[in-house]
Amino acid sequence: MATEREALRLVRPVLTEPGVLLAGFAEAEVEAQRRRAGSAFSFEAVATEAEVLSRFERGEVAVLCLGPKIAGLRARHLLEQIGQRFPDARPLHLLTAGGPDPSLFQELIDEDRIFFLSLAPLGGDDLAALLESAIAKARARRAAAERDKSSDQAPRAALSRRVLEAAGRLAGTRDAAVISELVRADLAEFLSAARAHLLLYDPETEVLWEKRSGLAVEERRESAAVGLVSFVARTGRAVAVSPLADDPRFEREADDPEGDGRGPFCAAPVRGEEGATIAVLSAAREAGADPFSAEDRAALDLYAERAAPALAQITLESRLAEKAKLEERELRDRALDVFREEALDHHLAAARKEGEVLRISPAWVDWASWLLFGLAGASLLFLALGRIHERATGVAVVRLAGRTEITADVNGTVAAVEVSPGQRVAAGAPLVRFHGLSENADLSRLTQEFEQELAARLRDPSDRAAEAALIALRGEIELAQARVAEREVRAPRAGIVSDVRVRSGQSVVPGQVILALSTGSGPPRIAILLPGRIRPQLVPGLPLRVELDGFRYSYLRLKIESVGDEVLGPDEAKRLLGPDLAGGAPITGPIVFAWARLPGPRFVVDGQSYAFYDGLWGNAEVSLRSEPLATALMPGLRALTGGRRDG
């Protein structure tokens, strides 16, 4: 089936015009929308989900509009089928009767698959307007995809980005010499030019001028009456010639003062706000180099367009400076007959000097303002970077690995304890003996009767009664031997006696722990009893912090290794803990067991090493998830992150 579906997808035709498919609408509404659409876009209507899928198999559907007959869960199921079967077809979905629960389509909205969702039925002019908008977006998307397929656009786009970035650097510069050097370097790079120039044009004085920075600032001024640069400034037309010297408009001092004019040349005007020429950009190559191409001239025109605001500012500032110099010269000429030249210098210098800012607020306002700004900045930073953590607490108990608790199987009184704590015993070694006078007496009596019957049988082998008595006595002897064996507890395997809980003369009942046997293999583990309500959030690997009783503020940093599959009631939880620990467990409600591995058999607190012992209690804290402080204070921001919280 998958192979057939892929084959259908490969042979599916691609329409030259994005189409609209209406599904689940009444015939009257379909006809009304068809009349409104006219010939503006292709239009088709179907009634069932199967017909929708068949249209997707046959060809591309740019806009899918679902009506009242396919709404709610039916619409959601249909859109999921389209996404699974046709992942390459990215139609715009219009749901005109989505139903009362918009959350059904939240994932599709987040993926930008839903163009518009209406909870109640929609039709008439409103539906027509939505269809026109959707088909316009589909056409724009198709046009953008076609542009991306054009391989020759990539280098041109890259060059355009570089030109725009270079021209943008000029905006923050107000020094004509610095701007001139930046422009020369940019044009030399973009156009592979050996020489480049920026000539600012002053229409009032009809002069082209350029500032150069080096060991000393140098200014070059040329009349706008000769040269190709003057032609560009006068006419506002770009030129490109090769070689430069063969052009009748060529003038070396104006066009190529640093070269001989035997190579290709191009120049473009820089226009101000009203279209007037404010500067001329020129570039020249060495003799024998390739002429400037159409792409080179386009890059030069783009650079001129983007550099225009910065160059217009420089031109304006230069014009104002020249006007100020002219006014100062006229003032000096008129006042020299009355005032000394030193007095005029002092007056003009004072006029050019800006006064200090008037300070009318007390000094504390300044530092208080800065303090408020600092506090506001710190608050915003804390709001952006701070996080709120959700944690769950419970109790923890240490359980040593390889520990086996030996319990009594029968009622009885302890006759003797054969071992002591810390003693190593072999498998089958006696541990505890119970009083068993009646059991031993029964065994002795049955043994004597067996021997008597055996002697009678040997005297008369044909005595069938003696044979039957021997068989019955053998079964009773085996039962008596088992009862005698029950009065003695033996080690099930080799190990070390870690805990003895009975003494001679003590009465015990079945199930009572009489001692513990430890093999000492494997690192100790810790069991954590957590509230059952958080079981869905518990997974292996969550960070865990344990504080053992008696060691306050000394924490064990662990990770959850495994989690129980069931939530248990208090009684069942205490039964799993065992009778020795159940009494000390503060269990008041449903709990879930989690397990973590301790780092070793010992732990260190304040430089002192301590051993872990079975049954040590403590408090546990599990970090479940966290979220930024901003989303906690403003829940509406969760929509920007998809409503997710970090686990």
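## Arg55 in helix H3

Helices here are DSSP runs of H or I with at least four residues, numbered from the N terminus. With that in hand, Arg55 sits in helix H3. The model is a predicted one, so keep that in mind throughout.

Is Arg55 buried or exposed? The cut-off for buried is under 20% relative accessible area, and Arg55 comes in at 16%, so Arg55 counts as buried. Its side chain makes a polar contact of 2.5 Å with that of Glu44. Setting aside residues up to four places away in sequence, Arg55 touches Leu21, Glu44, Val46 and Val61.

## The parallel sheet

Now for the sheet that H3 lies across. It's an open sheet of five strands in the order S2-S1-S3-S4-S5, with parallel pairing. The edges are S2 (42-46) and S5 (114-117), each of which pairs on one side only. On average, neighbouring strands are turned by 15° against each other, ignoring direction.

Zooming in on one pair, S3 and S4 (residues 92-95) run parallel and are joined by four bridges. Cys65 has Leu94 as its bridge partner in S4.

## Helices on the sheet

Helix H2 (residues 27-37) packs on this sheet, touching S1 (19-23) and S2, and its direction makes about 175° with that of S2. H3 (residues 49-58) lies across S1, S2 and S3, and runs at about 145° to S2.

Which residues of H2 are buried? They are Val30, Ala32, Gln33 and Ala37. Looking down the axis of H2, these buried residues fall within an arc of 165°, so they line one face of the helix. Glu27, Ala28 and Arg35 are exposed on the other side of H2. After H2 comes Gly38, with a positive phi near 60°.

Then there's Lys69, in the loop between S3 (63-66) and helix H4 (72-85). Lys69 is 43 residues from Ala26 along the chain, yet their C-alpha atoms are separated by 8.3 Å. Leaving out neighbours within four places in sequence, Lys69 contacts Gly24, Phe25, Ala26 and Arg74.

## Two nonpolar cores

The largest nonpolar core has 28 residues, and those touching the most other members are Leu187, Leu191, Leu198, Val270, Leu281 and Leu311. Helices H8 (176-190) and H11 (294-335) each supply at least two residues, as do strands S6 (195-202), S7 (207-212), S10 (265-271) and S11 (277-284). H11 gives the largest share, eight residues.

Take Leu281 from that core. Beyond its neighbours within four places in sequence, its contacts include Val183 and Leu187, then Cys266, Ala267, Ala268 and Val270, and also Leu300, Tyr303 and Ala304. A second, separate core holds 26 residues, among them Ile526, Leu542, Ala594 and Phe603.

## Backbone oddities

A few loops are worth a look. The peptide bond from Ser242 to Pro243 is cis, with omega near -5°. Pro243 belongs to the loop between S9 (239-241) and helix H10 (252-255).

Two residues that aren't glycine have positive phi: Ser192, near 55°, and Tyr553, at about 65°. Ser192 is in the loop between H8 and S6, while Tyr553 is in the loop between S22 (543-548) and S23 (555-563). Where do they stand on exposure? Ser192 is exposed, with a relative accessible area of 56%, and Tyr553 also counts as exposed, at 58% relative accessibility.

Key: Residues are numbered from 1 along each chain as its sequence is written. This is a predicted model: local features need pLDDT of at least 70, side-chain atom pairs count only at pLDDT 80 or more; totals for chains, interfaces and linings use all residues. Side-chain values use heavy atoms; hydrogens and water are left out. A nonpolar core is a set of buried Ala, Val, Leu, Ile, Met, Phe, Trp, Tyr and Cys residues joined through side-chain atoms within 4.5 Å. Buried means under 20% relative accessible area, exposed over 50%, partly exposed in between (1.4 Å probe, protein chains only). Contact means heavy atoms within 4.5 Å. Two strands pair if DSSP finds at least two bridges between them. Axes are lines fitted to C-alpha atoms, for helices over the stretch in contact, and angles run from 0 to 180 degrees between N-to-C directions. The arc is that of the directions from the helix axis to the C-beta atoms. A polar contact is a pair of N or O atoms within 3.5 Å; within protein, one must be able to donate a hydrogen and the other to accept it, and residues adjacent in sequence count only if both atoms are side-chain atoms.
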